[in-house]
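Hi everyone, thanks for coming. I'd like to walk you through a few local features of one model. Here it is on the screen.

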Amino acid sequence: MNRLNGKTAIVTGAASGIGKATAIMFANEGAKVIVTDVADSGRATEEAIKESGGDAAFFQCDLRDKDSINDLVQFSIKTYGHIDILFNAAGILVNKPFLEHNDDDLMKLFEVNYRSIIWTMQGVLPFMAKRGKGSVINVSSVSAVRPETNAYYYGGFKAGIYKMTKDLAREFSPQGIRMNTILPGPIETNMTPEIFITDPAARQSLINTFCPVGRFGKPEDIAYCAVYLASDEAEFVTGASFAIDGGACITG
């Protein structure tokens with residue numbers, strides 16, 4: 001407890017899944033949390049944090065809109081005075097054969113999974129640089145570093161975030177801003193393809209193939225890593241990537 005006392009965090013995609021679990025865990029560790037999501041259901045995350053005695057404020061934000069992101073940053077500064085942590089968890093998945101992917105899929109994935117992270121970082125980094133400290137944690141995917149089937153555009157943009165975060169670490173680490181990525185493997189969230197929820201045989205087949213630890217991951221598995229990267233315990237960690245994947249990256 002209290003590993004993030006005195007820190008303020010923005011968590012995108014905080015209405016559900018990895019974003020929600022991380023926002024709650026950040027608050028449990030003492031951070032003040034700006035909970036943001038395009039869905040109004042993000043308010044439930046804010047309420048859950050407050051009911052547990054934490055400090056949070058919800059801001060509904062469409063990450064496809066740069067003005068909305070700028071408003072988010074200004075709201076965060078106005079509400080808490082500074083931003084110490086940016087956790088980019090928002091994302092969508094399109095899962096189908098390559099020749100069935102279309103331009104609409106391409107643009108949706110680009111806008112949410114790639115461009116929005118650029119825009120949130122461009123909004124937050126000047127404030128972190130002015131204070132000379134900060135931690136940016138971008139959620140990529142094991143799809144960025146290992147071959148996958150049916151998630152071609154998704155994996156491509158996640159690879160872009162993986163690479164760009166490392167590049168930015170070289171520029172911003174001397175300014176006191178640490179830049180790291182988390183690469184989740186199979187995590188059970190609302191993005192999990194329905195077949196792996198409804199079909200026990202398909203689920204077990206995926207676990208047998210990709211998860212040597214013998215289970216799907218939980219959003220909290222990612223949140224534990226995020227807390228470490230956001231904390232002062234990780235002050236010597238930048239430009240790093242953490243595969244939290246149950247062993248998916250070692251299955252070939």
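Let's start in the loop between β5 (134–139) and α5 (152–172), where you'll find N150. Keep in mind as we go that this is a predicted model. What is the phi of N150? Phi is near 75 degrees, a positive value in a residue other than glycine. As a reminder, most residues other than glycine have a negative phi. Is N150 buried, exposed or partly exposed? With a relative accessibility of 22%, N150 counts as partly exposed, because the buried class means under 20%.

Now please turn to α2, which spans residues 42–51. Four residues are buried there: G42, T45, E46 and I49. Why do they sit on the same side of α2? Because they cover an arc of only 100 degrees around the axis. The general background is friendly here: an α-helix has 3.6 residues a turn, so residues three or four places apart point the same way.

And what do the buried residues of α2 pack against? Their partners are α1 (17–28), β2 (32–37) and β3 (55–60). Just after the helix comes G53, and this glycine has a positive phi too, near 90 degrees.

Last stop, the two strands among those partners. β2 and β3 pair in the parallel sense, over six bridges. If you want a place to zoom in, V33 stands opposite A56 in β3. To get from β2 to β3, the chain passes through α2, and this β-α-β crossover is right-handed.

That's my tour, and I'm happy to rotate the view for anyone.

Note on methods
Residues are numbered from 1 along each chain as its sequence is written. This is a predicted model: local features need pLDDT of at least 70, side-chain atom pairs count only at pLDDT 80 or more; totals for chains, interfaces and linings use all residues. Side-chain values use heavy atoms; hydrogens and water are left out. Buried means under 20% relative accessible area, exposed over 50%, partly exposed in between (1.4 Å probe, protein chains only). Helices (H or I, at least four residues) and strands (E, at least two) are DSSP runs, numbered from the N terminus. The arc is that of the directions from the helix axis to the C-beta atoms. Contact means heavy atoms within 4.5 Å. Two strands pair if DSSP finds at least two bridges between them. A crossover is right-handed if, with the strands pointing away from the viewer, the path from the first strand over the helix to the second runs clockwise.
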